[in-house]
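The following exercises concern enclosed space, an open pocket and selected buried residues. Each task is followed by a solution that proceeds step by step.

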Amino acid sequence: MEQGGENWWKDPKLQIGNGPFQMVEVVEDQRIRFVANPNYWEGNPKLDAVEIIYQKASSVALEAYKAGQIDMFSPDPSQLPAIKSDPELSKQLVTYPAATTIMLSFNLTKEPFTDKKVREAFAYAFDRKTYCEQIRNGDCTPTLEWIPPGIPGYIGTDAYAFDPQKAKQALAESSYGGPEKLPEIKLTYNSDDPAARPRVEWIAGQYRDILGVNITLEPVDGKTLVAMRKDPATYPQMTLAGWIQDYPDPQNWLSVYWKCDATFAQRFGYCNQEFDKIVTQADQELDQQKRIELYKQAEQMLVNDVPGPFLYNPLNIWLVKPYVTGYNPTPSDDAFPGEFASLMTLDVTR
């Protein structure tokens with residue numbers, strides 16, 4: 001940072017790493033190139049280089065994949081029906097769970113989401129199953145909690161499952177008494193993603209049809225939205241947000257994100273002192289069984305607080321050329337299959 005200033009990340013000479021590949025080129029919004037690290041302790045990886053290509057238009061990326069210009073590609077959900085019906089592409093589709101959770105995040109310092117009953121109403125009114133199967137073309141699985149299945153601390157709750165009647169009742173029991181006295185509610189979304197608009201329109205339609213609440217859609221470019229989410233003063237009233245696992249432990253899901261002094265929780269105003277007490281105890285507990293039970297208590301407490309409806313766990317969905325071998329997919333992958341497991345064995349055999 002001191003040498004490169006705000007643009008330090010654009011200069012490969014300023015990057016420090018000890019992995020099997022070294023960054024050698026950064027072309028902003030186009031590509032990043034890595035070459036094999038001759039000094040890596042485990043020796044040379046099978047590939048001489050790895051290049052990550054940035055292409056916002058998924059249709060262009062798919063054509064590049066078909067032409068053999070890229071070897072791996074994560075398609076947009078809207079492309080999945082056509083891919084699955086294609087005799088060749090369907091065989092190259094790689095799908096596996098992701099250690100990620102997406103929620104509808106509320107600013108808990110702003111009305112009407114300071115009222116728990118309003119949050120309950122919005123949680124009950126979201127049809128997660130339809131959203132995953134129809135709106136996102138099956139690229140996710142519905143969830144009602146923060147920690148994904150298969151990760152220690154998951155409790156398997158059924159709290160706040162889709163129930164239009166309970167949604168209407170909760171809103172009626174709120175301090176607003178119904179939809180008429182609610183303040184304007186804005187749903188802020190990333191306008192750079194062409195698939196985002198129809199999804200947020202569907203969400204707004206759900207709340208209009210079930211709760212009688214009119215949602216104002218607020219398109220914001222991706223860079224601005226990231227900045228808004230980082231500042232408590234500008235955090236959106238309502239927006240889609242989530243978490244990608246750093247390491248497979250409930251501490252990473254609960255303590256890191258939701259404690260009162262956590263960077264993330266401070267942005268949208270979540271703070272529960274009792275929750276903090278439990279996760280702090282769990283963080284310090286040496287008995288694995290005891291600490292997991294403590295994290296489960298905290299997870300249940302988080303679900304009960306309804307900081308925002310937990311919506312879905314995405315699936316990692318990739319098209320991978322048949323000649324790409326040696327990769328071992330993991331739930332934590334984000335950039336490509338095998339990102340965190342098998343860089344030494346990843347190979348291209350054409």
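**Exercise 1: The enclosed space**

Task: Determine how the residues of the lining of the largest cavity divide into nonpolar, polar and charged.

Solution. The model is predicted.
Step 1. The structure holds 1 cavity of 30 Å³ or more, and about 60 Å³ of space lies in the largest cavity.
Step 2. The lining consists of Ala 123, Arg 128, Leu 144, Ala 159, Tyr 160, Val 303, Val 306, Gly 308, Pro 309 and Phe 310.
Step 3. These lining residues divide into 8 nonpolar, 1 polar and 1 charged. Arg counts as charged and Gly as polar, so Arg 128 and Gly 308 account for the charged and the polar entry.

**Exercise 2: The second largest pocket**

Task: Describe the second largest pocket by its volume, and state which element gives the largest share of its lining.

Solution.
Step 1. The volume of the second largest pocket is about 480 Å³.
Step 2. Its lining comprises 17 residues, of which Phe 21, Gln 22, Met 23, Phe 34 and Leu 343 are the closest to the centre.
Step 3. Two or more lining residues come from each of strand S1 (21-27) and strand S3 (49-53). The largest share, 3 residues, is that of S1.
Step 4. By class, the lining of this pocket has 11 nonpolar, 5 polar and 1 charged residues.

**Exercise 3: Helix H4 and its cover**

Task: Identify which residues of helix H4 are buried and what covers them.

Solution.
Step 1. Within H4 (residues 128-135), the buried residues are Arg 128, Thr 130, Tyr 131 and Cys 132.
Step 2. Their cover includes helix H3 (116-124), strand S7 (140-142), helix H6 (196-211), strand S10 (238-244) and strand S11 (310-320).
Step 3. Arg 128 also belongs to the lining of the largest cavity.
Step 4. Just after H4, Asn 137 adopts a positive phi of about 55°.

**Exercise 4: Two single residues**

Task: Are Gln 79 and Tyr 124 buried or exposed, and which residues do Gln 79 and Tyr 124 contact?

Solution.
Step 1. Gln 79 lies in the loop between strand S4 (72-73) and helix H2 (80-85). Its relative accessible area is 10%, and therefore Gln 79 is buried, the cut-off being under 20%.
Step 2. Beyond neighbours within four places in sequence, Gln 79 contacts Ser 58, Ser 59, Leu 62 and Phe 73.
Step 3. Tyr 124 is found in helix H3. With a relative accessible area of 15%, Tyr 124 is buried.
Step 4. With neighbours within four places in sequence again left aside, the contacts of Tyr 124 are Tyr 160, Ala 161, Phe 162, Asp 163, Pro 164, Lys 166 and Ala 167. Among them, Tyr 160 also lines the largest cavity.

Definitions and conventions:
Residues are numbered from 1 along each chain as its sequence is written. This is a predicted model: local features need pLDDT of at least 70, side-chain atom pairs count only at pLDDT 80 or more; totals for chains, interfaces and linings use all residues. Side-chain values use heavy atoms; hydrogens and water are left out. On a 1 Å grid over the protein atoms alone, a cavity is a set of points where a 1.4 Å probe fits but cannot get out, and a pocket is an open set with protein on both sides within 12 Å along at least five of seven lines; lining residues have an atom within 4 Å of a point. Grid points are joined across faces, edges and corners, and a volume is the space filled by probe spheres set on the points. Helices (H or I, at least four residues) and strands (E, at least two) are DSSP runs, numbered from the N terminus. Buried means under 20% relative accessible area, exposed over 50%, partly exposed in between (1.4 Å probe, protein chains only). Contact means heavy atoms within 4.5 Å.
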